Amino acid sequence: MFAVTATHTDNDDPLAGLTLGEHPEPRPAEGWTTVDVRAAALNHHDLWSLRGVGLPQERLPMVLGCDAAGIDEDGRPVIIHSVVGDATVGEGDETLDPKRSLLSEVHDGTFAERVAVPRRCLVPKPDGLSFEEAACLPTAWLTAYRMVFEKAGVEPGAPVLVQGAGGGVASAVIQLASTIGLRVYATSRSEHKRQEAERLGAYQAVPAGERLPERVQAVFESVGAATWAHSVRSLQPGGRIVVCGATSGPAPSAELAHVFFRQLSVVGSTMGTRHQLGRLAEFLVRTGVRPRIDRVLPLTEAKEGFRAMEQGELMGKVVFTT
Ligand SMILES: NC(=O)c1ccc[n+]([C@@H]2O[C@H](COP(=O)([O-])OP(=O)(O)OC[C@H]3O[C@@H](n4cnc5c(N)ncnc54)[C@H](OP(=O)(O)O)[C@@H]3O)[C@@H](O)[C@H]2O)c1
């Protein structure tokens with residue numbers, strides 16, 4: 001079958017190890033099943049994998065891709081929950097299983113015509129969502145859902161900040177948070193993306209690092225080093241940073257004096273449970289919110305999507321169709 005794989009990893013030139021071509025058919029283990037992929041979405045995770053982050057040499061070649069929607073063995077439309085983990089070990093939450101992995105870390109991922117997944121990872125796809133829309137949900141949108149609804153601890157009407165409006169996670173946070181009535185400020189390096197952020201529901205979008213008109217109760221962080229100091233300084237006393245990623249680097253100054261003196265909280269967030277993925281899909285059906293998709297490409301043109309992500313050109317998600 002056709003697949004997009006990492007054949008070697010290179011921190012400085014991640015696209016050098018991106019290989020498109022034939023790959024062996026999946027062979028589902030006991031308790032696993034095969035899904036015919038209709039659409040799969042690109043995440044920054046796929047670039048990290050090509051840089052060798054979380055993907056050691058001995059696991060190569062590895063089919064990339066965490067996210068997909070497709071047809072299961074019984075002919076039902078499904079969304080794949082990408083977390084391969086044991087919910088009982090994680091007290092009901094598979095993301096707390098210390099041995100959890102995402103598809104494409106230990107087991108082949110979704111950028112292929114077919115993918116093997118644990119049967120429990122299948123979530124029914126509502127009719128109201130297209131395969132392309134549904135494919136955006138399992139990583140970026142699920143992460144955003146948990147950040148907004150489980151971790152942020154803010155009530156509708158509260159001011160919040162989303163760093164890096166163009167990102168898959170960030171654009172999802174803007175859409176979810178504005179839909180429930182949060183007053184969403186957003187930053188972006190790009191004027192075009194700031195305009196798009198306001199179209200997606202942001203109350204006001206400002207250049208990265210610019211002082212906000214007011215301090216916020218929560219900040220949604222996925223950018224890391226480039227925006228961390230601004231995030232800390234943008235919070236009201238008692239405010240909270242919810243952080244899921246560090247695209248620009250994981251080790252900024254912790255700004256500890258600000259953290260203790262203004263009694264700030266830093267809360268980590270990763271993915272979401274399979275049940276949350278089902279509720280997220282239902283939320284989109286109920287509200288009419290749909291993922292901002294930057295472009296849809298055939299899987300055979302995947303390199304274009306990876307290149308655009310590496311260059312930081314995207315506003316929202318890239319979706320590949322098989
Ligand atoms: N913990 C989890 O479960 C989880 C889940 C999903 C993602 N993540 C992580 O979250 C991060 C975002 O993922 P994504 O898929 O949303 O990525 P993406 O679509 O490629 O977005 C990249 C983001 O980086 C921002 N950015 C701002 N300044 C930057 C700089 N100086 N250098 C590089 N990038 C800069 C961009 O903002 P502008 O272009 O608008 O300025 C944009 O928001 C990644 O690090 C990813 O690994 C973690």
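In this predicted model, a salt bridge joins the side chains of E94 and R120, with an N to O distance of 3.3 Å. E94 is located in the loop between strand 7 (83-84) and strand 8 (101-102), and R120 in the loop between strand 9 (114-118) and strand 10 (122-124), so the pair ties together parts that are 26 residues apart in sequence. The two partners fall into separate classes of accessibility: E94 has a relative accessibility of 2% and counts as buried, whereas R120, at 30%, counts as partly exposed.

The search of the whole structure yields 16 salt bridges. Among them are two contacts made by R295. Its side chain meets that of D294 at 2.8 Å, N to O, and a salt bridge of 3.2 Å, again N to O, links it to the side chain of E304. The residues of this group are partly exposed: the relative accessible area of R295 is 22%, while the relative accessibility is 24% for D294 and 34% for E304. A further network of salt bridges connects E25, D36 and R114.

Arginine side chains also occur over aromatic rings. R38 is placed over the face of F131, 5.5 Å from the ring centre. R183 is likewise placed over the face of Y203, at a distance of 5.5 Å from the centre of that ring. Between aromatic residues themselves, 6 pairs are counted. F111, F306 and F320 belong to one aromatic cluster.

An open sheet is formed by 6 strands in the order 13-12-11-14-15-16, and the pairing is parallel. Strand 13 (204-207) and strand 16 (265-268) occupy the edges; each has a single partner strand, so one side of each is left without a neighbour in the sheet. From one strand to the next, the twist averages 20°. The parallel pairing of strand 12 (residues 183-188) with strand 13 extends over 4 bridges. Within this pairing, A186 has A205 of strand 13 as its bridge partner. R183, described above as lying over the face of Y203, falls within the residue range of strand 12.

Helices pack on this sheet. Helix 3 (residues 137-151) touches strand 14 (216-221), strand 15 (235-243) and strand 16, and its direction makes about 145° with that of strand 15. Helix 4 (residues 168-179) is in contact with strand 11 (159-162), strand 12 and strand 14; the angle between its direction and that of strand 12 is about 165°. Strand 14 is thus touched by helix 3 and by helix 4.

Another open sheet consists of 3 strands in the order 2-1-4, with antiparallel pairing. Its edge strands are strand 2 (18-22) and strand 4 (62-63), each of which pairs on one side only. Strand 1 (residues 2-6) is paired with strand 4 in the antiparallel sense over 2 bridges, and T5 stands opposite V63 in strand 4. Helix 9 (residues 302-310) lies across strand 1 and strand 2, and runs at about 165° to strand 2. The residue range of helix 9 includes E304, the partner of R295 in a salt bridge, as well as F306, a member of the aromatic cluster with F111 and F320.

Methods. Residues numbered from 1 in each chain as written. Predicted model: local features only at pLDDT ≥ 70, side-chain atom pairs only at ≥ 80, totals over all residues. Heavy atoms only, no water. Pairing = 2+ DSSP bridges. Contact = heavy atoms within 4.5 Å. Axes fitted to C-alpha atoms, helices over the stretch in contact; angles between N-to-C directions. Phe/Tyr/Trp six-rings, centres within 6.5 Å; stacked < 30°, edge-to-face > 60°. Lys NZ or Arg CZ within 6 Å of the ring centre and 35° of its normal. Salt bridge = Lys/Arg side-chain N within 4 Å of Asp/Glu carboxyl O. Buried < 20%, exposed > 50% of the residue type's maximum accessible area, 1.4 Å probe, protein only.
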